[in-house]
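User: I have a model open and would like to know what stands behind the labels used for it. Please take me through the reasoning.

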Amino acid sequence: MGESFVHLADGTELPVENTSSPLDIIIGHGLGSDPSQKSHTNDISSALWKDAQEYLLNANENSRRSQSGTAVLYTARGHSRSRGWEQNEVSDDNVNDVPFRWPALSEDMVEVANECLGDTSQFTILGQSMGAASALYLSIDHPDRVNALILARPPRAWERRAEIASVFVAEANELQLNEPGSRRFLPLLGAAHTDLPPRSDKDIYRRIQCPVLILSHGEDVAHPLETGQYLSELLPKTRLELAANEDEARLEWPKIIGDWLADENLI
């Protein structure tokens, strides 16, 4: 099907690639320290899905028979070749990073799903880091649209999010100095000023009634195990899988994803 652009309501255009799949699934990537270099093509999320689909094709008879779904891989606002958002977010005396915070990015994800899959569609989401947080908010605000949720490497949240905010601000400032006139620093500011819903607000998390697979691994300061562990306690229908490090995760998670999708009768 190849890459094209999704046109959002505010004029933003996001690169998107639709491929055949045993189910309808949206893939959301993580934040890049230089957002101009990060896209859906070079994130671990796309590699996980590619390897999971290959595993399914080899191991699962149902997925071999049916490739009637669509996998939607897209590049988030402010990243890589996304365009049309620049004039909406900044004026001479104001910097607006709200569209780059997780709740707003989740609404971008809904618009991507509407255009690629239909505005009444149900779908699975595989989100990694920023994409996982966006997917979580989408599932909270639009629970009728999501039939399963895969949260890979959920990012720092709550108290740990506050600890990292100044780092994102410093990275944004450095990017502004190195690229005068560029607006590519905005995703970093959005990351500094966003968070998951408070852990104390358990009712918000209970809105998500679909099955959830959480994937976390050790040796990863930006995506601590504790985020996945807390989410596994907050979300009603959750399976938590932990890996020792990224190498083990890349090796084991595609099989775990494929088997979980089959166990949940999603393929």
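Analyst: Two strands count as paired if DSSP finds at least two bridges between them. The model is predicted. In it, β1 and β2 are joined by five bridges in the antiparallel sense, so by the cut-off of at least two bridges they are a pair.

User: Which residue is the bridge partner of His-7 in β2?

Analyst: Glu-13 is the bridge partner of His-7. The two strands form a hairpin with five residues between them, and Gly-11 in the turn has a positive phi of about 95 degrees.

User: What makes β1 (3–7) and β10 (238–243) edge strands?

Analyst: Each of them pairs on one side only. They belong to an open sheet of eight strands with mixed pairing, in the order β1-β2-β4-β3-β7-β8-β9-β10. From one strand to the next, the twist averages 20 degrees.

User: How do you know that β8 and β9 pair, and in which sense?

Analyst: The sense is parallel, and there are four bridges between β8 and β9 (residues 212–217); at least two are needed, so the strands pair. Leu-149 stands opposite Val-212 in β9.

User: Which helices pack on the sheet, and what do they touch?

Analyst: Helix α1 (residues 44–59) touches β2 (13–21), β3 (25–28), β4, β7 (123–128) and β8; its direction makes about 145 degrees with that of β3. Helix α4 touches β1, β2, β3, β4 and β7, and its direction is at about 120 degrees to that of β1.

User: Why is the pair of Trp-85 and Phe-100 called edge-to-face?

Analyst: The structure holds two aromatic pairs. For Trp-85 and Phe-100, the centres are 5.7 Å apart and the planes stand at 85 degrees. Centres within 6.5 Å make a pair and planes over 60 degrees apart make it edge-to-face, so both conditions are met. Trp-85 is in the loop between β4 (69–74) and α3 (86–89), and Phe-100 in the loop between β6 (94–95) and α4 (102–117), so the pair ties together parts 15 residues apart in sequence.

User: Are these two residues buried or exposed?

Analyst: Trp-85 has a relative accessible area of 0% and Phe-100 one of 2%. Buried means under 20%, so the word applies to both values.

User: What makes Trp-158 and Tyr-230 an edge-to-face pair?

Analyst: Their ring centres lie 5.8 Å apart with the planes at 90 degrees, so the distance is within 6.5 Å and the angle is over 60 degrees. Trp-158 lies in the loop between β8 (146–152) and α6 (159–178) and Tyr-230 in helix α9 (residues 225–234), so parts 72 residues apart in sequence are tied together. Trp-158 counts as buried at 10% relative accessibility, whereas Tyr-230, at 32%, is partly exposed.

User: How do you know that Arg-199 lies over the face of Trp-158?

Analyst: Arg-199 is 5.1 Å from the ring centre, and the limit is within 6 Å and within 35 degrees of the ring normal. Arg-83 lies over the face of Phe-5, at 3.7 Å from the ring centre.

User: Why is Thr-194 called buried, and what does it touch?

Analyst: Its relative accessibility is 7%, and under 20% means buried. Thr-194 lies in the loop between α7 (186–192) and α8 (202–206). Setting aside residues up to four places away in sequence, Thr-194 touches Arg-101, Trp-102, Pro-103 and Arg-161. Its side chain reaches the backbone nitrogen of Trp-102 at 3.1 Å.

Technical notes
Residues numbered from 1 in each chain as written. Predicted model: local features only at pLDDT ≥ 70, side-chain atom pairs only at ≥ 80, totals over all residues. Heavy atoms only, no water. Phe/Tyr/Trp six-rings, centres within 6.5 Å; stacked < 30°, edge-to-face > 60°. Buried < 20%, exposed > 50% of the residue type's maximum accessible area, 1.4 Å probe, protein only. Contact = heavy atoms within 4.5 Å. Polar contact = N/O pair within 3.5 Å; in protein donor to acceptor, adjacent residues only side chain to side chain. Axes fitted to C-alpha atoms, helices over the stretch in contact; angles between N-to-C directions.
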